[in-house]
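Please open the model in your viewer and keep the sequence panel beside it. The tour below moves from one selection to the next and says what is to be found at each stop.

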Amino acid sequence: MEISQQPTSGRKRMSRAEREQQILETAEEVFATRGYQAASMDDIAQRVGLSKPMLYEYFGSKEGLLLACLERAKRELLECTSAAAASASDPEQLLHDGLLAFFRFGEGHAQSWALLRNESAVPGTGLDTELEAIRRQQVDFTANMLRSSLPETEESRLEAFAEAIIGACERMALWRENRPEITPETVTDHLMALIWPSLSGELAQKDDPASGSHDQG
């Protein structure tokens with residue numbers, strides 16, 4: 001007597017964590033290409049093979065899903081820039097490698113970058129707060145980089161430098177969108193030409209106490 005066997009699909013059941021990552025990758029693509037307003041939870045659910053109610057079970061709402069995408073992009077950006085800075089051997093390389101990692105992140109993670117830069121398309125207090133948190137994260141990271149090289153510089157001056165550097169990075173990243181021939185390496189060189197002479201002057205003053213301080217209150 002032959003025993004019939006039920007065919008198996010051969011597909012491995014995803015864990016919740018794996019499913020969440022799949023949803024985030026798909027949602028990131030949809031948000032980046034269509035924009036937040038035009039993105040559809042129905043479309044995202046269909047692409048990942050879930051029902052719409054199950055998608056809401058994971059992230060609660062469309063805004064919650066976008067916030068999760070932004071949080072992942074925020075984490076990946078910090079990991080990328082931190083790893084680049086960790087191997088620097090001097091202050092100039094530290095700044096250069098941190099800037100280069102920022103621009104390479106934008107090029108290698110186009111969908112994440114589209115979310116980060118397109119804040120005008122994502123209304124809502126929660127979304128604005130998360131986008132500002134990403135900016136604040138990179139300002140703090142940059143201030144810490146500067147602090148390690150300029151420990152004698154007053155805190156408000158370091159914060160001002162960091163704010164200016166991140167603002168310049170954001171504007172240069174937007175500029176590159178219309179200048180695709182400009183590589184991450186080239187835009188990093190442009191910014192270094194602008195920023196490093198000022199910072200190297202700070203370093204020179206630190207090494208020469210006779211030159212005075214910047215204590216401006």
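Does Trp 196 count as buried or exposed? Select this residue in the predicted model and show its surroundings: with a relative accessibility of 16%, Trp 196 counts as buried, because the cut-off for that class is under 20%. The residue belongs to helix α9, which spans residues 184-207. Once neighbours up to four places away in sequence are set aside, Trp 196 touches Pro 91, Glu 92, Leu 95, Leu 191 and Leu 203. A distance drawn between the C-alpha atoms of Trp 196 and Glu 92 should read 7.3 Å, although 104 residues separate the two along the chain.

**The largest cavity**

Keep Trp 196 selected, since this residue is also part of the lining of the largest cavity. Add Pro 91, Leu 94, Leu 95, Met 145, Leu 146, Ser 149, Leu 150, Leu 199 and Leu 203, and the lining is complete. The space they enclose has a volume of about 90 Å³, and the structure holds 2 cavities of 30 Å³ or more. Colouring by helix shows that α5 (91-108), α7 (125-149) and α9 each supply at least two residues of this lining. Colouring by residue class instead gives 9 nonpolar residues, 1 polar residue and no charged ones.

**The second largest cavity**

Next, keep Leu 95 and Met 145, which line the second largest cavity as well, and clear the rest of the selection. The other residues to add here are Thr 81, Gly 98, Leu 99, Phe 102, Gln 138, Phe 141, Thr 142, Ile 165, Ile 166 and Cys 169. About 70 Å³ of space lies in this cavity, and its lining divides into 8 nonpolar and 4 polar residues, with no charged residue among them. Helices α5, α7 and α8 (155-177) each supply at least two residues of the lining.

**Along helix α7**

Stay with helix α7 and select Val 139, which lies in it. Val 139 is buried, with a relative accessible area of 2%. Beyond four places in sequence, Val 139 is in contact with Ala 162, Glu 163 and Ile 166, the last of which also lines the second largest cavity. From the C-alpha atom of Val 139 to that of Ala 164 the distance is 8.9 Å, across a separation of 25 residues in sequence.

Then move to Leu 131, also found in helix α7. Leu 131 is buried as well, at a relative accessible area of 5%. Its C-alpha atom is separated by 8.8 Å from that of Lys 74, which is 57 residues away along the chain.

**An annotated stretch**

Now select residues 40-59, which an unreviewed UniProt entry lists as "DNA-binding region". In the model this stretch is 80% helix and 0% strand, and the C-alpha atoms at its ends are 14 Å apart. Within the stretch, pick Lys 52, found in helix α3 (residues 52-59). Lys 52 is partly exposed, with a relative accessible area of 32%. Not counting residues up to four places away in sequence, Lys 52 touches Met 41, Asp 42 and Ala 45. The C-alpha atoms of Lys 52 and Asp 42 are 5.9 Å apart in space, while the two residues are 10 apart in sequence.

**The whole chain, and where to read with care**

Zoom out and display the chain as a cartoon: the secondary structure comes to 9 helices and 0 strands. Of the 217 residues in the chain, buried ones make up 40%. Among contacts with a separation of 6 or more, 66% join residues that are 24 or more positions apart.

Finally, colour the model by pLDDT. The chain averages 84, and 83% of the residues score at least 70. Among the helices, α2 (residues 41-48) has a mean of 95, where confidence is highest, whereas helix α6 (residues 110-117) is lowest at a mean of 70. Over residues 1-9 the pLDDT is below 50, and this stretch has 0 contacts in the model beyond near neighbours in sequence. Residues 213-217 also stay under 50, but for them the model has 8 contacts beyond four places in sequence. Where pLDDT is low, the predicted coordinates should not be read in detail.

Methods
Residues are numbered from 1 along each chain as its sequence is written. This is a predicted model: local features need pLDDT of at least 70, side-chain atom pairs count only at pLDDT 80 or more; totals for chains, interfaces and linings use all residues. Side-chain values use heavy atoms; hydrogens and water are left out. On a 1 Å grid over the protein atoms alone, a cavity is a set of points where a 1.4 Å probe fits but cannot get out, and a pocket is an open set with protein on both sides within 12 Å along at least five of seven lines; lining residues have an atom within 4 Å of a point. Grid points are joined across faces, edges and corners, and a volume is the space filled by probe spheres set on the points. Helices (H or I, at least four residues) and strands (E, at least two) are DSSP runs, numbered from the N terminus. Ala, Val, Leu, Ile, Met, Phe, Trp, Tyr, Cys and Pro count as nonpolar, Asp, Glu, Lys and Arg as charged, and the others, Gly among them, as polar. pLDDT is the predictor's confidence in each residue, from 0 to 100. Contact means heavy atoms within 4.5 Å. UniProt positions are given in the numbering used here, feature names are shortened, and annotations may be inferred rather than shown by experiment. Buried means under 20% relative accessible area, exposed over 50%, partly exposed in between (1.4 Å probe, protein chains only).
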